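The following questions and answers consider selected features of one molecular structure. Please consult the sequence and the structure alongside each answer.

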Amino acid sequence: MEKERKKVLELRKIERNYQEKWENAKIFEEDAPSDNENLSKYMVTFPYPYCNGRLHLGHIFTVSKCEFAVGYQRMQQKKTLFPFGFHCTGMPIKACADKLAYEINTYGIPPNFPNIEEIVEEESIEAELAKKEKAKKSKAVAKAGASKFQWDIMKSLNMTDTEIVQFADANFWLDYFPPLCQEDLKKMGLKVDWRRSFITTDRNKYYSSFVEWQFRKLKEGGFIDFGKRYTIFSPKDGQPCMDHDRATGEGVGPQEYTLVKLEILDPKPKILAAVVKPVYLVAATLRPETMYGQTNVYLHPDIAYSAFYAGPKEKEVFIATKRAARNLSYQNLTNEFGKVNFVEGLEKVYGKDLLGAALKAPLAAYEKVYALPMLTIKDEKGTGVVTSVPSDAPDDLAALNDLKKKKPLREKYNITDEMVMPYVPIPIIDIPEYGNLAAVTMVEKLKIESQNEKEKLEEAKREVYLKGFYDGIMLVGEYKGRKTADVKKLIQEDLIKKNLAVKYVEPEKTIISRSGDECVVALCDQWYLKYGDENWKNEAKRALSQMNTYSEEVRRNFEHTIDWLHEYACSRSYGLGTKLPWDPQYLIESLSDSTIYNSYYTVAHLLQASLDGKVPGPLGIKPEQMIDACWDYIFLHSDYDSTKMPIEKPKLDKMRQEFEYWYPVDMRVSGKDLVQNHLTFFLFNHVAIWKDQPKKWPKSIRANGHLLLNNEKMSKSTGNFLTLVDAVEKFGADGMRLGLADAGDGVEDANFVFDMADAGVLRLYNFLTWVKEMVELKKEAKFRTGEKLFIDRVFENQLNRFLRLATDQYELTNFKEALKYCFFEYQSARDFYREVCGGETGMHEELVFQFIETQAKILSPICPHVCEEIWSIIGKEGFIIQAKWPEIGETDEILLKEGQFLESSVRDFRLRLLALLNPKKKTPGQTINPPTTGNIYVAEKYPSWQNTVLGVLKELYNENNNEFPDNKIISQKLNSMETLKKLAKKTMPFVQMIKESVREQGIGAIEQTCPFDQLRVLKECTEYLKNTLSIQEVQILPVDEEKLDPSVVETITPGKPFVKFE
């Protein structure tokens, strides 16, 4: 290991050398050309990372896609731009700083914390370690035992007490982490124009001015509105909780229910006897149209419910779970926003104490129904109260049947027969194929005997609900004869008007904010983006239609997101960011100030000369000068007006020129999880700001999967985690980059394997060493020169082929495949060539250095540092990353087949030799001497019966759309032919061999003759054959049927010779 570590250290020294040279030469600082230059460009961007810690390998996997693409496009002689900013907008930094300040003020410096088990407050999701917690601190400690104090988390980063204290000021995070991230990124040799880097928030007055301009444009265009809207809300933070504010539940939205009010009739259960006001069990349903079929209500006997006052004047009492009561209180359904006023003594009421209660069920055919037990109810969704419609809900029917069949179950909960036995499913909806009692039909069909048969019930529910929603026809009520899908909303509205129900909304799934709070859905005043607007959606779809998504799955995800996206809260009251220009009590939230900032990259280097914008850029423009009119001139091509614009026209022209040249973004790369928010917002905002200017809309978005480490999920808690700086230290920049390229390309999760990265380091080091040796051999004139031999032509042809394949994969941004062809296959071709030539000195000098030069060039987008060193070693001028991509020569297909024929033949000969020297059955004491002679037999054509089979296969292949049919069909066809009947046992094994050859080599393998001279190929390599098989003599002969066993003759076919050792 010490030896391998030395190799990493040597490579790191090379890497630092070239990183310094690149920086001194400023080769990544790209400016737009003058107006008279028409140069191709390529701009790639990565969603700027949130800067509350160091970057990890998951970030860098996505960054690497940008890096490899820009490296390749640069060698296509395009001007390339890869800018990189740092996001600080949002709540986490502020929350962590405030928590640290609280700990310091409460517990001193250094803090003297109490025993952690005593802490019961809800925890924060911390900045640097970003732990994903879902519960309260006591529960988290029981599971993990880790410290939850912010001070301890900062301490775990090897910070001193003096350093930690500074993080109590949120601004210090902005000074500390962005420059640190920048330095870490430089260590991997990123081709970034760092002049264009910036941080967000109002600390950067230039960027804030840009965001304010954007939002004023959106408001002027009618894309922003104000009003009460249901939104995911963190009570602890006192503001909406958008995706980037969440520790869990990203992408989860509000789910709307109809909250049906089932009045408890007198006499009330004993526990409610003292309550004078009307009391309702409230059941949350997604299917208000089925309320005509209610037969009972279900409660879980052991769930704790709560009785609380509802309505603005508290005239009613609702019974539901405490979690549901908390949600309701944020939707104007209690007297005070966010406050639940429980009925005294009834903060906790168990379901068993309410069972048997008589109820009035809205719309039900039965005059009264009863509260019955159901043991499968869960308290984390809805209200814990389930209204029962056994005609159309399989779960409800199964539970009702259980109660009817099981007298002991009824007796256990004091349920009398009259509460259960008279109640039967009522036909309310007719569903094609299932009739008017769909649940009854499905329960009988699947033979469901109990409410505990979860899988069967899930299957029944899925079928009934889907068919019922789309195809159901109402049989009862005011809307009889109409489709359920058409009347669902109407019935909900009717119930609400008659005060029989209210609208209720809760999160689709549990959402935990970064401050450790379980979120609710709140109905609150807010500024929101109108992503639900159909015209805006259509424009976003138009942008998507002209954009490359590199994957149909990604395109479908975009289409789905655009369709379901609705109003989105864009303001918050707590955190860091830019103030909403027309309502400065609010900040613009983090997913809304990061949608068109790619355009800001085009001018950032001219406006600011430091990350936070405190140092003005080369144009000498002050932030306050960047008024809307100036931004309009730069980005929207408005006319210059010296009376409105406080900046000279040449300066604005310079910025406009940068924008016009670089925009639009050619490729934006991101994790696939951002399709559901950030990337779709990216499209919406581009079509809004650059309305009817499709040439300014993104050209492509490339989404990738998450990164696994050694086939396991990255996790700090398990230790399976790697930061960028640690990865560079462990593998070197190029070793890490090679491992990232090899990790994967698609939307499925990729896998960074340590052994692969280690092997990559060794390969790179060995290649570097080999190049140095080749340079010395050239100086000593040790190589072969002059006319090129057959094997030289084969090698050169292989290089052309792999160069073409690698280029194609680079174009498609499939870097794992590109690496395969530009490095692994390229090196393998070199190895085989060297082997056939009998070592280095037997190789042709021109081809050796052609190989080295092209290998260095085509690998340089992935491993630039080693390739720069090779470029220097072979005496080339300048930097390899500025060199031109190699010209791709034509691939001679026949010569390619000749090379493949030689390789496969030698592989087969070696296996035969191995089998000869190591027989499966060996006589005791038997000595096997190695052979001295090899007779190689070659067939120019197939035996006649095989020719017949090939003809049939070709015919069937063409008839079956260039695919072989099933073996059964092939066998029937062959057996029907008189000439093949006696050979039935031989035909199908032969067919299988040909099918495998076609799978490996293509349809050319089905040809009935060999397209090249096999004898010539083998004879040109006689010396190699003798050496590789360790024999003294080789004879290459046409197949001689008289000297060979007939069974052997049949195995010798065109392209598959046979060797007989003697």
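Q: What is the relative accessible area of Cys 822?
A: This is a predicted model, in which local features need pLDDT of at least 70, side-chain atom pairs count only at pLDDT 80 or more, and totals for chains, interfaces and linings use all residues. Residues are numbered from 1 along each chain as its sequence is written, and side-chain values use heavy atoms, with hydrogens and water left out. Buried means under 20% relative accessible area, exposed over 50%, and partly exposed in between, with a 1.4 Å probe and protein chains only. Cys 822 is buried, because its relative accessible area is 0%.

Q: How many disulfides does the structure hold?
A: A disulfide is a pair of cysteine sulfur atoms within 2.5 Å. The structure has none of these, so the count is zero disulfides.

Q: Which cysteine has the sulfur nearest to that of Cys 241?
A: Cys 241 is buried, since its relative accessibility is 1%. Cys 241 takes part in no disulfide, and the nearest cysteine sulfur, 3.8 Å away, is that of Cys 519.

Q: How far from Cys 822 is the nearest cysteine sulfur?
A: Cys 822 is likewise in no disulfide. The nearest cysteine sulfur belongs to Cys 863, at a distance of 8.0 Å.

Q: With which side chain does the side chain of His 865 make a polar contact?
A: His 865 lies in helix α26 (residues 864-873); helices (H or I, at least four residues) and strands (E, at least two) are DSSP runs, numbered from the N terminus. His 865 counts as buried because its relative accessibility is 0%. A polar contact is a pair of N or O atoms within 3.5 Å; within protein, one must be able to donate a hydrogen and the other to accept it, and residues adjacent in sequence count only if both atoms are side-chain atoms. At 2.8 Å, the partner of the His 865 side chain is that of Asp 734.

Q: Which residues are in contact with His 865, leaving aside its neighbours within four places in sequence?
A: Contact means heavy atoms within 4.5 Å. By this criterion, the residues touching His 865 are Ile 14, Glu 15, Tyr 18, Gln 19, Trp 22, Met 188, Gly 189, Ala 733 and Asp 734.

Q: What span does helix α7 reach from its first C-alpha to its last?
A: Helix α7 covers residues 170-186 and has 17 residues. The expected span of a helix is 1.5 Å times one less than its number of residues, and for α7 this gives 24 Å. The span in the model is close to that value, at 25 Å.

Q: At the start of α7, which residue has the backbone nitrogen that a side-chain oxygen of Asp 169 reaches?
A: The buried residues of α7 include Phe 172, Trp 173 and Phe 177, and what covers the buried residues includes α1 (2-25) and α21 (724-743). At the start of the helix, the oxygen of Asp 169 comes to within 3.0 Å of the backbone nitrogen of Asn 171.

Q: Which residue in β2 stands opposite Lys 41?
A: Strand β1 (residues 41-45) is mostly covered, with five of its five residues buried. Two strands pair if DSSP finds at least two bridges between them, and β1 pairs with β2 (residues 79-81) in the parallel sense over three bridges. Opposite Lys 41 in β2 stands Lys 79.

Q: Which residue in β23 stands opposite Val 44?
A: Strand β1 also runs parallel to β23 (residues 667-671), joined to β23 by two bridges. Val 44 points the other way from Lys 41, Met 43 and Thr 45. Its opposite residue in β23 is Met 667.

Q: With which side chains does the side chain of Ser 515 make polar contacts?
A: Ser 515 is placed in the loop between β18 (512-513) and β19 (520-529). Ser 515 is buried, because its relative accessible area is 4%. Its side chain makes polar contacts with the side chains of Asp 237 (2.9 Å) and Ser 513 (2.8 Å).

Q: Which are the edge strands of the open sheet that contains β19?
A: Nine of the ten residues of β19 are buried, so this strand is largely enclosed by the rest of the structure. β19 pairs in the antiparallel sense with β3 (residues 224-234) over ten bridges. The open sheet has four strands in the order β4-β3-β19-β20, with antiparallel pairing. The edge strands, each pairing on one side only, are β4 (239-240) and β20.
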